[in-house]
Amino acid sequence: HRSFRELQVDYIDYLLLHGIGMGGMEALHSRYLDNGMLDFLLKEREAGRIRNLGFSYHGDIKVFDYLLSRHDELKWDYVDWKHAKEVNTRNTDAEYLYGELVKRGIPAVIMEPLLGGRLSKLNDHLMARLKQRRPQDSVASWAFRFAGTFPDVLTVLSGMTYMEHLQDNIRTYSPLIPVTDEEKDFLEETAQLMMKY
């Protein structure tokens with residue numbers, strides 16, 4: 001209700017519970033289930049004060065699978081592609097997460113498409129590799145195009161610090177030029193090279 005006052009609105013279009021897999025099933029129970037928080041949010045959605053209720057996922061895959069197993073009841077409106085687990089063993093590859101959402105018809109909201117900025121600050125060798133293919137585009141635009149290419153992506157959330165970031169995002173998405181299959185293979189090769197550094 002404080003959010004309604006601060007945003008000066010009567011309802012929220014998309015409410016995402018953040019980092020819902022962190023801490024595993026025990027944290028899910030203590031933060032959302034046992035204390036009635038999820039029940040409260042579902043009632044708020046039923047009353048129309050929340051239009052779409054979803055979650056952002058990091059952490060224990062058991063939590064993700066559990067929440068999706070309850071999709072028929074909860075109706076979630078809600079993803080590093082192949083290498084997330086290599087970077088951090090607590091992560092799950094987004095390819096799996098996205099596939100599970102698609103099976104259930106749940107739209108995906110992509111958070112941190114630049115991995116906290118790491119994909120825009122590559123070493124010189126990898127930056128040159130990307131710039132050679134698309135010299136007019138920013139290095140960051142590759143990640144944004146990749147994230148926006150998949151048909152069940154509702155939106156891509158991007159942290160932007162400077163006006164140049166906003167302008168680059170607008171250029172990338174207006175209109176979006178989807179990544180081709182050949183470019184996906186090129187990006188996978190690039191990701192494999194990144195993993196060596």
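**Exercise 1.** State how H2 and H4 are oriented to each other, and justify the answer.

*Solution.* H2 and H4 are oblique to each other, because angles under 35 degrees count as roughly parallel, over 145 as roughly antiparallel, 65 to 115 as roughly perpendicular and the rest as oblique. The axes of H2 (residues 24–33) and H4 (residues 61–69) cross at roughly 50° and come within 8 Å. The model is predicted: local features need pLDDT of at least 70, side-chain atom pairs count only at pLDDT 80 or more, and totals for chains, interfaces and linings use all residues. Residues are numbered from 1 along each chain as its sequence is written, and side-chain values use heavy atoms, without hydrogens and water.

**Exercise 2.** Find the residues that join H2 to H4 and sort them by kind.

*Solution.* Step one: Gly24, Met25, Leu28 and Leu33 of H2 meet Lys62, Val63, Tyr66 and Leu67 of H4 (contact means heavy atoms within 4.5 Å). Step two: the residues of this contact divide into six nonpolar, one polar and one charged. Here Asp, Glu, Lys and Arg count as charged, Ala, Val, Leu, Ile, Met, Phe, Trp, Tyr, Cys and Pro as nonpolar, and the others, Gly among them, as polar.

**Exercise 3.** Describe the lining of the second largest pocket.

*Solution.* A pocket is an open set of points on a 1 Å grid, where a 1.4 Å probe fits, with protein on both sides within 12 Å along at least five of seven lines; lining residues have an atom within 4 Å of a point. Step one: the lining has 20 residues, and Leu114, Gly117, Ser120, Gly159 and His165 lie nearest the pocket's centre. Step two: H10 gives the largest share, five residues. Step three: the lining divides into seven nonpolar, eight polar and five charged residues.

Definitions and conventions:
Helices (H or I, at least four residues) and strands (E, at least two) are DSSP runs, numbered from the N terminus. Axes are lines fitted to C-alpha atoms, for helices over the stretch in contact, and angles run from 0 to 180 degrees between N-to-C directions.
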